[in-house]
Amino acid sequence: MSSACVLLVASTDEHFREMVRDNLLNIPNSKVAAEYQEVANNLYIRVLQDLERHPQAALILDLSADTETGIKALERLKQAAPDLYVIASHFHADGETVIACMRAGANEFLLQPLKRSEFRDAMGRLERAPRRGGAGESKLGKVYTFLGTKGGVGTTTLAVNFASVLAQRKLSTVMIDLDWIGNDVSMQLGAAPQYTLMEVAENLNRMDQALFEGFVTRDPLGFFLVGPPDALEQRGMFTEHMFREFATFLVEKYDAIVIDGGKAISDEVVMAACQVSAAVFLVINQEFPAVRNAQRYIAFLMRMGFSQDQIRVVVNQYSKKANAHHASLEQIQQTLNQQVFYGIPNSPVVLSGINRARPFVAQRDAAGEMDRLFRAFVDKATGAKGKAGASGQLAVAGKTA
Ligand SMILES: Nc1ncnc2c1ncn2[C@@H]1O[C@H](COP(=O)(O)OP(=O)(O)OP(=O)(O)O)[C@@H](O)[C@H]1O
Ligand SMILES: [Mg+2]
């Protein structure tokens, strides 16, 4: 599809957002890629993240609720993403408002209430505008979300060891457990966190790095860890909106955020995590139910606007041997219509790590081949060492390189 009219829409006004969606219906090859219900100073963070997924997107920014805040948000945004095409919109088209918008970097102005013909013309100009290049390499931290397509496939294990390797590489890293039911991350790390996502939620409006690091748990490897409380009934109190606020804070302050999403892909907080992720790792094993579910997960993510290269299938406990109970690599790739990103072998090192309540990568050399292969996975996943990952891959992943 031509990415001619991919829009990000920022407005506190539901009616405005609806009008935009409605107007786009008549324009071929157009879509709304993201909506922001707030126009605040940190708008640029969310926009930058979405530009990674939709580098050709333009932003339509409704300034009518609070012109001053909106203009400031626009200035900040243009500093962060100078090439972003911005359409400002307001009820007032007096000289002062329009000039303020243009000075702040808007490329276009649309008067409200939106008129169909004017909107269409604006989209025409957007289409003809010089090709926009997205934000380029952003300085924001990267979010990596691990999702299991079945219980027990090793999602928590991979997420925990992934965060551990990043911390060993001196990246400032935060690990978030969003598996409200499993709540296993702290167990695998031998941590007993006193504070949880509930305290994060309570302190969101005054969150800063000192406060955050003051109350969350720090793993001996150096990364921070926060997860759900023990009480299951508190799940509903941590909302998608809270998660987005929290994630906005995190990507601004940390290099990497690693999330154990459990398997609840349809959970709105987990979906929000996927949406801010540089990569979503779908963890499967070779059992047919896991592969079948991976197919459903991928289809769902694609319907939610993800592209195939953001979704990375990782086969855990991979064995070359296929049989009546185990799908082969070829079968998996055929079923998923997608290459497998990486295969991680079965290894006793994993269980002994879990029994000692420490990630296996914390033992380094003692973990031998498993340690080496896992680090190569992290290399490939983060693009850390160019092709170095390729040599460390199993036969399984070698085919995909
Ligand atoms: N590569 C591996 N080699 C050997 N054992 C493994 C491997 N990966 C995971 N396991 C084992 O599988 C079990 C489940 O792992 P883990 O808890 O990480 O899975 P999960 O998908 O997060 O499960 P849950 O659905 O309970 O959240 C653990 O006991 C772990 O030791
Ligand atoms: Mg788990």
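Here is a friendly exchange about the sheet, the ligand shell and the two domains of this predicted model.

Biologist: Glad to have you here! Which domains does the domain assignment give for the protein chain?

Modeller: Happy to help. The assignment divides the protein chain into two named stretches. They are domain 1 (5-128) and domain 2 (142-398).

Biologist: Which helix supplies the largest share of the side of domain 1 that touches domain 2?

Modeller: The centres of the two domains, taken over C-alpha atoms, are 34 Å apart. Even so, 7 residues of domain 1 are in contact with 8 residues of domain 2. On the domain 1 side, 5 residues come from one helix, the largest share. That helix is α2 (residues 43-53).

Biologist: And how many residues on that side of domain 1 are charged?

Modeller: The side of domain 1 that touches domain 2 includes 2 nonpolar and 2 polar residues. The charged residues there number 3.

Biologist: Let's turn to the open sheet of 8 strands. Which are its edge strands?

Modeller: Pairing in this sheet is mixed, and the order reads β8-β9-β7-β10-β6-β11-β12-β13. An edge strand here pairs on one side only. That leaves β8 (217-218) and β13 (340-345).

Biologist: Which residue of β10 stands opposite Phe146?

Modeller: Strand β6 (residues 142-148) runs parallel to strand β10 (residues 256-260), with 5 bridges between them. Across from Phe146 in β10 is Asp260.

Biologist: About what angle does the direction of helix α6 make with that of β10?

Modeller: Helix α6 (residues 155-168) packs on the sheet, and β10 is one of the strands it touches. Others include β6, β7 (173-177) and β12 (311-318). The angle between the directions of α6 and β10 is about 165 degrees.

Biologist: Are the residues of β7 buried or exposed?

Modeller: Take its two faces in turn: Thr173, Met175 and Asp177 lie on one side, with Val174 and Ile176 on the other. Both faces are covered. Counting along β7, 5 of its 5 residues are buried.

Biologist: Which residue in β9 is the bridge partner of Met175?

Modeller: β7 has parallel pairing with β10 over 5 bridges, where Thr173 stands opposite Ala256. β7 is also joined by 3 bridges to strand β9 (residues 224-226), again in parallel. In β9, Met175 is partnered with Leu225.

Biologist: Last one: which residues come nearest to ligand 1?

Modeller: There are 20 residues around ligand 1, divided into 5 nonpolar, 13 polar and 2 charged. Helix α6, strand β12 and α14 (348-355) each supply at least two of the shell residues. Nearest of the shell are Gly151, Gly154, Thr155, Thr156 and Thr157.

Conventions: Residues are numbered from 1 along each chain as its sequence is written. Chains are lettered from A and ligands numbered from 1 in the order in which they are written. This is a predicted model: local features need pLDDT of at least 70, side-chain atom pairs count only at pLDDT 80 or more; totals for chains, interfaces and linings use all residues. Two strands pair if DSSP finds at least two bridges between them. Helices (H or I, at least four residues) and strands (E, at least two) are DSSP runs, numbered from the N terminus. Two residues are in contact if their C-beta atoms, placed from the backbone, lie within 7 Å. Axes are lines fitted to C-alpha atoms, for helices over the stretch in contact, and angles run from 0 to 180 degrees between N-to-C directions. A residue is buried if 20 or more other C-beta atoms lie within 10 Å of its own, exposed if 12 or fewer, and partly exposed in between; C-beta atoms are placed from the backbone. A residue is near a molecule or strand if its C-beta atom, placed from the backbone, lies within 6 Å of it. Ala, Val, Leu, Ile, Met, Phe, Trp, Tyr, Cys and Pro count as nonpolar, Asp, Glu, Lys and Arg as charged, and the others, Gly among them, as polar. Domain bounds come from an automatic or database domain assignment.
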